[in-house]
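Student: Let's go through this one together. I'd like to hear the reason behind each label, please.

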Amino acid sequence: MNSNFTIPTPGNEAALNYLPGSFERAALKAELKKQSEQQIVIPLIIDGKEVFTENRIPVVMPHNYRHLLATCCLAGKTELDAAKEAAIEAKSAWESLAWEHRAAIFQQAACLISGKYRFQLNAATMLNQSKTAYQAEIDAPCEIADFLRYNLFFADQIYRQQPLSVGETWNRMVYRPLEGFVLAVSPFNFTAIAGNLATAPAIMGNTVVWKPASTALLSNYYLMRCLMEAGLPAGVINFVPSKSTDISKYVIRDPRLAGFHFTGSTQVFRQVWREIGENIENYHAYPRLVGETGGKDYLVAHASCDIPALVSALVRGAFEFQGQKCSALSRAFLPQSIWPQVKQLLLAATAKLQYGDPADFTHLLAAVIDEQAFKKNVSYIEAAKASPEAEVLCGGYDGSKGWFIAPTIIQAYQKDYVSMREEIFGPILTVYIYEDEKLDEILAYCDTSTPYALTGAIFARDRAVIAQMEKQLMHSAGNFYINDKPTGAVVGQQPFGGARASGTNDKAGSALNLYRWTSVCSIKENFAPTAQIDYPYMAEK
Ligand code: NAD
């Protein structure tokens, strides 16, 4: 009250190292043991209350799919209706709560996430989403805390943007939240993305119905509990695991749907966009559609590049978190002149990668998320084995206990071979070897050969070539990397998102995303209103 408060300047939450003998390693191992030995029931959280339903699904470890971590209640029509009503009911008090108090709740949540509940969130992400300790650490808790702290900072900057006022008037802009509720639908692959999808609209004063992915329920539930403990008022975010068909039937078509905040596949986003389009006459306002979707992320190398750095980018970019980062490298164009050396180093580095249960810290990879993902990956490996247009240089799979795909490299002999074009979402890298003098042609092909434009990387040391590659590939990626792997965007440093079929490119973790959750009202106040009707030019003399 009576003050212009300043949001604390954010910094990126530092990832812990989990070195042998460290406190954090012992704490994480203890939490892994605890969560592995219990089976909890995950309720819905509607209007701040836990709701238990009879319809439940198992929550398992992808790397040991017979191990039950939890069962999760599913919302049906009754609960989804209740969640929408709770969001609408909570809206007025939430949007009129003083900004500094709204912000304080999310600062408090960031503190709980990176402190008291750090190991709980990390362990749940490791066990249920099959991430290694380091991959889980940089996702949940670090990236969620970053999303919250940076979004508060950016929201504050947005609120400070005001128009000019001339003469005896005062112009103001009020950054109203949207009218209605926002539906957040999150993917399995990042606990942080789920957190951002639900909280970014809430930071801007909206209320939210949040449907998490059915394969990331444990971490998402613990995250929801952190938000509640931080003081998020009842009904502001409603946690409703449910079948996607029920979301279509009971939520997407609701006239009060004000926005759809989504990350996931291109196919699902297009389907929801179509459903909203078909129903457009019935909404109170045009729903804001924000989607970050699929990709076919690339790397193009030039003969002048640093070869060991290129090999590191190929391995880390393609295989960390089993290639299930939306930014994961999945196709590479490499010049013929350096291929023999790159091939030798690449195969040697890949052969050393250990994969298995992420609770064993020596592993760099764990399992893909579920049986459907496993089968999809296997189908591309088997197709490459059978095709004269490709060769499997290394890799394989074993689904007997967990959904394990070994780091796999396919060499394509045709640049339009299927695994050079389609999103697989697993640890499969396809390489195509081009004749050095055909760089122009390869860049043009890389730009146009898939519908996506999410991430891309180039490797070269020749500055003229770097400039040429950047120019020719300018529209091929929303996140573009020079001499670096195409993964690992950091909130506040490389705002993330792609264009074309990869999404609406509203850049998660930046002001650009937050603008989508506000509907501005421009107010003009006149301190000297005129009584005149005629204008001076109308006089005869
Ligand atoms: P998905 O599209 O299968 O599922 C995402 C969410 O949508 C889940 O919660 C799912 O239950 C829900 N869903 C599915 N069908 C629906 C429907 N008809 N109506 C409403 N909701 C529905 O994606 P996924 O397997 O969880 O994630 C992998 C995909 O996400 C990949 O394509 C990846 O590229 C993409 N992704 C993109 C980004 C990005 O920033 N561009 C980030 C992460 C993941």
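Student: Leaving aside its neighbours within four places in sequence, which residues is Asp139 in contact with?

Tutor: Thr125, Lys131, Ile144, Asn189, Phe190, Thr191 and Ala192. Contact here means heavy atoms within 4.5 Å. Before we go on: this is a predicted model, where local features need pLDDT of at least 70 and side-chain atom pairs count only at pLDDT 80 or more, while totals for chains, interfaces and linings use all residues. Residues are numbered from 1 along each chain as its sequence is written, and side-chain values use heavy atoms, with hydrogens and water left out.

Student: Why is Asp139 called buried?

Tutor: Its relative accessible area is 0%, and buried means under 20%, with exposed over 50% and partly exposed in between (1.4 Å probe, protein chains only). So Asp139 counts as buried. Asp139 lies in helix H5; helices here are DSSP runs of H or I with at least four residues, strands are runs of E with at least two, and both are numbered from the N terminus.

Student: What makes Arg149 buried?

Tutor: Arg149 has 16% relative accessibility, so it counts as buried. This residue is also found in helix H5, which covers residues 133–160. Not counting residues up to four places away in sequence, Arg149 touches Pro10, Glu13, Gln107, Ala110, Cys111 and Ser114.

Student: And why does Leu178 count as buried?

Tutor: Because its relative accessibility is 5%. You'll find Leu178 in the loop between strand S6 (169–177) and strand S7 (181–185). With residues up to four places away left out, its partners include Lys91, Ala258, Arg288 and Trp517.

Student: How do you know that Lys84 and Asp254 form a salt bridge?

Tutor: A salt bridge is a side-chain nitrogen of Lys or Arg within 4 Å of a carboxyl oxygen of Asp or Glu. For Lys84 and Asp254, the closest N and O atoms are 2.9 Å apart, so the pair fits that definition.

Student: What makes you say the pair links distant parts of the chain?

Tutor: Lys84 is in helix H2 (residues 77–96), Asp254 is in the loop between helix H8 (244–252) and strand S10 (257–263), and the two are 170 residues apart. Both Lys84 and Asp254 are buried.

Student: Which residues does the shared-partner network include?

Tutor: Salt bridges with partners in common join Lys77, Asp81, Lys84, Glu85, Asp254 and Arg256 into one network. Over the whole structure, the search finds 21 salt bridges.

Student: What makes Glu229 and Lys116 a salt bridge?

Tutor: Their closest N and O atoms are 2.7 Å apart. Glu229 sits in helix H7 (residues 217–229), and Lys116 in the loop between helix H3 (99–114) and helix H4 (118–129), 113 residues apart.

Student: Are those two buried or exposed?

Tutor: Glu229 has a relative accessible area of 39%, so it is partly exposed. Lys116, at 59% relative accessibility, counts as exposed.

Student: How do you know that the length of H7 agrees with what a helix should span?

Tutor: The expected span is 1.5 Å times one less than the number of residues. For the 13 residues of H7 that should be 18 Å, and the end C-alpha atoms are 18 Å apart, so the two agree.

Student: Why is H7 called mostly covered?

Tutor: In H7, 10 of the 13 residues are buried, among them Leu217, Tyr221, Met224 and Cys226. Just after H7, Gly231 takes a positive phi of about 105°.

Student: What surrounds the ligand?

Tutor: There are 27 residues around it, the closest being Ser186, Ser265, Thr293, Cys326 and Glu423; a residue counts as near if one of its heavy atoms lies within 4 Å. Helix H9 (266–278), H8 and S10 each supply at least two residues of that shell, and H9 gives the most, with three.

Student: What makes the Glu423 approach a polar contact?

Tutor: A polar contact is a pair of N or O atoms within 3.5 Å. A polar side-chain atom of Glu423 lies 2.7 Å from an oxygen atom of the ligand, so the pair fits. Taken alone, the ligand exposes 840 Å², and the protein buries 86% of that; these areas come from the Shrake-Rupley method with a 1.4 Å probe.

How values were computed. A polar contact is a pair of N or O atoms within 3.5 Å; within protein, one must be able to donate a hydrogen and the other to accept it, and residues adjacent in sequence count only if both atoms are side-chain atoms.
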